[in-house]
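Subject: Structure handover

Hello,

Here is the structure you asked about. Please open it first, then read the notes underneath.

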Amino acid sequence: MSAARIQMTFIALVGFATTVGSFVYLLAKPPAYLRATRDGVPFFTPPVINPVNGKSLNVNTLVRDYKGVAGPGAAAGVD
C-alpha cells in the first residue's frame, strides 16, 4: 500500500467518524431551537379549545397575540 492510499484512507475515516459523531450528538442532546419555536412553544403542541365558541385555536397564534406581535389574529388599528 502506498503512502498516498494510507493518507486518503485516514482522511476518509476521520470524516466518517466526525459525521457519525455529529449525528449521535444531535440525537443525544438536541439544541433548544430544534425543540421549540422562537416564541417558546414546543413543536407538536396540540390545539386548545376556545371556551367562547368551542373552536380549536393554534397555540402559536395565542402566544403571538399575547406578545402583541401583529399577525392574522391581532386587532388592527387598536391603540
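**Contacts of Val48**

Val48 touches Lys55, Ser56, Leu57, Val59 and Leu62, leaving out residues up to four places away in sequence. Keep in mind that this is a predicted model. Val48 itself sits in strand 1. Is Val48 buried, partly exposed or exposed? Val48 is partly exposed, because its relative accessible area is 34%, and partly exposed covers what lies between under 20% and over 50%. Now look at Val59 again. Val48 and Val59 are 11 residues apart along the chain, and their C-alpha atoms are separated by 6.7 Å.

**The chain as a whole**

Step back for the overview. The protein chain has two helices and two strands. Read from the N terminus, the order is α-β-β-α. How much of the chain is buried? Of its 79 residues, 5% count as buried. The accessible surface comes to about 6,900 Å². Carbon and sulfur atoms hold 68% of that surface. Take the contacts with a separation of 6 or more next. Residues 24 or more positions apart account for 7% of them.

**Helix 1**

Helix 1 runs over residues 3-28. Helix 1 has 26 residues and reaches 37 Å from its first C-alpha to its last. That is close to the 38 Å expected at 1.5 Å a residue. How many of its 26 residues are buried? The count is zero, and helix 1 is hardly covered.

**The loop after helix 1**

Next comes the loop between helix 1 and strand 1 (48-49). Two of its residues deserve a look. Tyr33 is found in this loop. Tyr33 counts as exposed, because its relative accessibility is 62% and the cut-off for exposed is over 50%. Tyr33 also helps make a nonpolar surface patch of about 590 Å². The other residues of that patch are Phe23, Tyr25, Leu26 and Leu34.

Phe44 lies in the loop between helix 1 and strand 1 too. Its relative accessible area is 84%, so Phe44 is exposed. What stands out in its backbone? Phe44 has a positive phi of about 60 degrees, although it is not a glycine. Most residues other than glycine have a negative phi.

**Asn50, between the strands**

Where is Asn50? Asn50 is in the loop between strand 1 and strand 2 (56-57). Asn50 is buried, because its relative accessible area is 17% and buried means under 20%. Its side chain makes a polar contact with the side chain of Asn53, at 3.3 Å. Leaving aside neighbours within four places in sequence, Asn50 is in contact with Lys55 and Leu57. Both names also appear among the contacts of Val48.

Start with Val48 in strand 1, then follow the chain to Asn50 in the loop between the two strands.

Best wishes

Conventions: Residues are numbered from 1 along each chain as its sequence is written. This is a predicted model: local features need pLDDT of at least 70, side-chain atom pairs count only at pLDDT 80 or more; totals for chains, interfaces and linings use all residues. Side-chain values use heavy atoms; hydrogens and water are left out. Patches are made of residues with over 30% relative accessible area and no salt bridge: like charges are joined within 9 Å, nonpolar side chains (Val, Leu, Ile, Met, Phe, Trp, Tyr) within 5 Å. Accessible areas come from the Shrake-Rupley method with a 1.4 Å probe; for residues, only the protein chains shown count as cover. A salt bridge is a side-chain nitrogen of Lys or Arg within 4 Å of a carboxyl oxygen of Asp or Glu. Helices (H or I, at least four residues) and strands (E, at least two) are DSSP runs, numbered from the N terminus. Buried means under 20% relative accessible area, exposed over 50%, partly exposed in between (1.4 Å probe, protein chains only). A polar contact is a pair of N or O atoms within 3.5 Å; within protein, one must be able to donate a hydrogen and the other to accept it, and residues adjacent in sequence count only if both atoms are side-chain atoms. Contact means heavy atoms within 4.5 Å. The expected span of a helix is 1.5 Å times one less than its number of residues.
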